[in-house]
Amino acid sequence: MLSPLVRKFVSRNPSKTVPPETVRTPAPLAVQGAVVELRDLTWRPFGRREPVLAGISLRIEAGSRVLVSGPSGSGKSTLLRALAGVLTTTETGDLTGSVLVDGSPPTGSSVALMMQDPGDALVAGRVGRDVAFGPESFGMARGEIWSRVRSALVSVVFPHDQDHATSALSGGGTQRLALAGVLALTPRLVLLDEPTSMLDPAAATMMREAIIAAVRASGATLVMVEHQLSDWVHEVDRLVVLDSAGRVTADGPVASTLASSADSLAAQGVWVPAAVAPRPLHVPRALCTPTRSAGRGGPSGPGAMLVSAESVSVIRQARASVMSANRPATAVEALQDVWAEVRARQCIAVVGPSGAGKSTLTALLAGVDAPTQGRVRAQDGLLAGLGAPSPEAIHRWTSPALAAGFGWVPQQAEQAVVARTVRDDVLSTSRRLGLDDDAAQARVDAMLEVLGLSALSGVDPHCLSGGEQRRLALAGAIAHGPSVLILDEPSVGQDRLTWSAVAGVVVAARDAGVGVVLATHDPLLIALADRQITLLAGRILDPAAGPQPPPAPGGLSPMAPPANRFAGLAGRSGPLSLLLASIMLVLGAPFISDLRTAMVAIAVQIALAPVVLGIGRPPWRRLMPGLFAVASVSFSNWLLSPGRGVSSGALAGLRVAFFVVPGVLLASRIDPSALGDHLGQRLRLPARPVVAAVAALYRFEGLGEHWNQLARIRRVRGLGPSRSPLGRARSVAALTFGLLIETLRQAGRMAVAMEARGFSAAVTSETPRTWAEPAPWRPTDSLMLALGLVVASMPMLFSHM
Amino acid sequence: MTQTPSNKLPRQNARTSRSARTTALATRPLMRWRGIDLITAAMLAVAFGVMFWGFDTFIYPILSTATAGFPPLGELMLGVWLVPAVVGALVIRRPGAALFTELVAANVELFLGNKWGAAVLLSGVLQGLGVELALALFRLRRFGVVVAVLGGILSAVFEIVFYEWQSYVPEYSSAWKAIYLGCGIVSGAVIAGAGGWLLVRALARTGALNAFPPGQEVREPQPV
């Protein structure tokens with residue numbers, strides 16, 4: 001049943017954790033599609049006046065494929081969540097009516113839900129373990145878990161093997177991983193929420209083919225939400241249309257329903273195939289005029305150069321990570337030797353596949369990032385009209401100076417909220433720059449009116465829908481009259497109405513004299529641009545230069561891992577023994593009662609260090625904070641002890657050194673995921689908290705990156721920290737608040753994804769959760785523990801001598 | 001109007017929409033943590049871990065050299081490390097929330113390689129237990145500013161009396177130990193207690209806590 005093409009993708013190396021005799025790739029299991037019945041389903045979350053879903057009644061036959069469409073905010077995603085049974089995971093409200101899948105309420109094993117952002121469903125560091133989450137939740141045996149993992153990865157044609165790191169996947173790879181994760185439970189009903197909206201066209205095509213093949217092979221019923229209909233109309237049998245009040249307005253075979261409701265759908269913003277392409281909204285030019293050129297000696301005439309990027313390269317170092325604290329950092333080359341110019345009254349489109357460096361380049365041009373090499377300079381067109389001379393490199397400009405000249409909307413526009421109400425948010429930059437308040441308010445009100453947000457002026461921006469937040473971010477970027485407007489993927493996942501708004505602002509800004517840069521792969525937006533820069537793997541693709549050799553994949557190679565050196569006892573011990581040994585040292589420290597004991601104990605530790613920690617350069621950087629702590633404890637105890645004795649200070653410092661130095665070094669060898677496995681299986685801690693904690697730990701880098709992104713957004717809006725401590729404190733407080741909000745929202749989405757894969761199934765059923773990887777206790781672990789016990793009890797024994 | 005069992009909503013104990021000052025409690029039974037409770041507690045802990053990492057790397061060195069001349073003043077920063085316990089308890093409102101959140105945050109610090117090693121886990125347990133005691137004294141029925149401040153104070157007391165007095169400041173004279181404790185208590189009360197309470201209230205107003213009792217307290221009186 002497997003084609004040779006598919007077989008090429010199957011890993012040849014058996015997973016280390018499964019005995020060799022079970023290595024075979026079974027064909028994807030075929031299932032009976034589920035019959036879905038919705039009877040008068042109505043859902044009103046608390047806090048909303050109107051219900052989101054109103055009286056929906058549908059019957060879906062086994063094995064059919066249904067496409068659900070409608071305007072933004074019409075409850076399509078909510079409908080999918082109701083079908084998956086995860087509606088009350090993150091919200092409470094009034095729910096009436098019933099949802100029946102094969103005659104009973106939906107459970108995680110029969111229904112699979114794939115969410116819009118596949119990153120929300122990641123729970124583990126390695127591909128195989130991530131896919132194993134579903135089978136683990138339903139208490140399957142280890143052998144069956146891994147055979148399901150293999151078959152799921154095969155059915156989605158996953159391009160890497162199952163030990164690949166999840167953090168190193170592209171957008172398309174993550175999406176396919178999410179699909180494999182939901183297919184691992186062989187569901188009878190597959191629910192997909194906009195599966196290709198975040199992908200570029202090439203990856204979207206591959207994903208679509210993977211979905212069709214997998215669903216067809218398994219025979220499950222498919223219900224999917226999309227608002228780009230043209231690619232899917234030939235793959236589905238039935239189209240259901242919801243309106244903005246949450247009611248079903250059309251339902252029937254695809255061709256006839258489309259024919260009858262195409263116009264109303266297009267008017268409500270759905271991308272109907274064969275409909276006329278949407279036209280840019282008419283935005284008055286006066287709303288986008290750069291403040292500088294308004295008669296104050298600004299950009300002089302069409303085409304004046306505003307910003308130039310000269311031979312810029314960006315090399316990203318891997319940053320602090322919970323998961324790889326003791327692994328060598330890999331550097332990634334995001335851009336190499338790129339030249340770009342932004343001119344007034346011109347719109348440039350930066351195009352290329354995902355990962356080509358479009359976001360990196362636009363961030364450089366906006367002055368929110370610094371290039372590793374090369375320069376991004378402001379030219380005369382931008383510098384004229386500024387009073388005092390500014391440094392040429394724009395990433396050194398102060399926040400108000402940057403805000404005066406630039407407007408930037410990042411890819412995830414919902415992060416860009418800086419005030420309590422919509423109106424204040426758009427006004428914030430103008431106010432910070434000290435522009436004339438009446439004029440600014442008039443301009444903002446007009447802009448909100450044009451973009452359809454004036455009814456929401458007093459609402460908290462966090463309550464807006466996705467499309468509304470995108471338009472809000474756009475308004476915020478242009479309302480203060482910048483000379484350069486930079487938009488990063490402004491139309492990804494957006495409906496026709498928001499597309500029109502984006503295109504309208506782009507055209508009006510360009511005509512008003514602003515230099516516009518768009519990073520996009522949307523062909524309709526590219527058609528609006530005057531020039532194109534094509535990026536491929538971080539370099540500019542010059543169409544005039546003829547065929548070029550394909551670029552080396554992946555940029556710089558990662559630093560070679562250190563040659564296999566003796567890793568010491570700690571390198572061969574499991575996480576539990578390392579942790580227990582560290583804790584025992586902490587408990588033994590207070591028994592050190594005099595200097596002699598302390599020095600002997602520390603001497604013993606130093607003598608044991610090569611055996612336990614291995615041979616190699618001592619990691620001074622890791623030890624530095626600990627040694628600093630020892631020094632500060634010594635000093636403070638000397639200062640404030642009754643007799644100001646030097647020995648008191650030294651004793652206190654050595655006592656701390658007894659547990660700090662080895663503790664830090666041992667802890668750095670612990671792998672959090674393995675620790676979770678050991679805690680769950682050896683110590684029999686409750687499984688769900690451990691799994692939740694490990695899944696959250698994998699989000700550490702993402703949250704850190706979010707903090708940086710928030711700081712960048714505030715900087716380009718003129719709200720960056722001022723030099724005074726109070727200003728910095730206020731900025732940190734605002735960033736903290738923003739980070740926590742994003743954390744809570746992400747936690748909610750993660751909870752939905754995990755519950756849909758059966759996270760809490762073990763609570764209601766009697767089958768406890770199993771663990772895909774074993775937690776072995778080896779002799780080295782016992783040795784480590786014994787050694788820890790001996791060293792930790794030395795002070796106690798000595799003090800009795 | 002039919003309701004399927006799995007979609008039936010658990011009863012809420014709050015009298016919502018009658019007055020704005022009701023206290024919404026967690027859905028009973030209290031030891032039945034929902035999936036979202038666990039995941040949100042863990043994610044909040046990791047977010048605080050991100051901020052602790054930043055604090056440790058950029059701010060703590062400056063502040064501790066500044067207070068090197070008078071170390072008990074450095075203890076005025078203790079409250080920052082107690083915030084996850086208070087926030088976790090106020091958001092989730094179940095027994096064990098403070099302990100779990102603080103432990104996961106301590107684990108983040110451990111894996112990142114903070115300066116105290118595994119001792120940070122012991123600190124985390126003591127700090128979490130302090131807040132749990134405060135909640136238990138009010139029988140898990142009140143979650144206002146008083147409980148939060150008391151939680152901050154008890155958390156600081158547990159941490160200092162049972163751990164820091166023995167490990168970091170064993171040689172101080174009794175008077176200095178008392179001053180050290182006093183600074184810790186003030187910090188716990190103000191930064192963790194009052195600060196944590198204000199933070200939870202502000203988060204509830206943005207609608208980010210809609211799945212939890214603080215969000216329910218804010219939402220139903222003012223539907224959008």
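**Exercises on a predicted model: strand pairing and burial in chain A**

Five bridges connect strand S10 (residues 305-317) of chain A with S13(A), and the two strands run antiparallel. The structure is a predicted model.

**Exercise 1.** Determine the order of the strands in the open sheet of chain A that contains S10, and identify the edge strands.

*Solution.*
Step 1. The sheet is open and consists of three strands, in the order S11-S10-S13, with antiparallel pairing.
Step 2. Strand S11 (331-343) and strand S13 (373-378) of chain A each pair on one side only, and they are the edge strands.
Step 3. On average, neighbouring strands of this sheet are turned by 15° against each other, direction ignored.

**Exercise 2.** Find the bridge partner of A:Glu310 in S13(A).

*Solution.*
Step 1. S10 covers residues 305-317 of chain A and is joined to S13(A) by five bridges.
Step 2. The partner of A:Glu310 in S13(A) is A:Arg375.

**Exercise 3.** Locate A:Ser577 in the secondary structure, and decide whether A:Ser577 is buried or exposed.

*Solution.*
Step 1. A:Ser577 lies in helix H18 (residues 575-588) of chain A.
Step 2. Buried means under 20% relative accessible area.
Step 3. A:Ser577 is buried because its relative accessible area is 0%.
Step 4. With its neighbours within four places in sequence left aside, A:Ser577 is in contact with A:Trp777, A:Asp781, A:Met784 and A:Leu785.

**Exercise 4.** State what share of the residues in chain A is buried, and what share of the contacts between residues at least 6 apart joins residues at least 24 apart.

*Solution.*
Step 1. Of the 801 residues in chain A, 55% are buried.
Step 2. Among contacts in chain A between residues at least 6 apart in sequence, those joining residues at least 24 apart make up 78%.

Conventions
Residues numbered from 1 in each chain as written. Chains lettered and ligands numbered in written order. Predicted model: local features only at pLDDT ≥ 70, side-chain atom pairs only at ≥ 80, totals over all residues. Heavy atoms only, no water. Buried < 20%, exposed > 50% of the residue type's maximum accessible area, 1.4 Å probe, protein only. Contact = heavy atoms within 4.5 Å. Pairing = 2+ DSSP bridges. Helix = DSSP H or I, 4+ residues; strand = E, 2+ residues; numbered from the N terminus. Axes fitted to C-alpha atoms, helices over the stretch in contact; angles between N-to-C directions.
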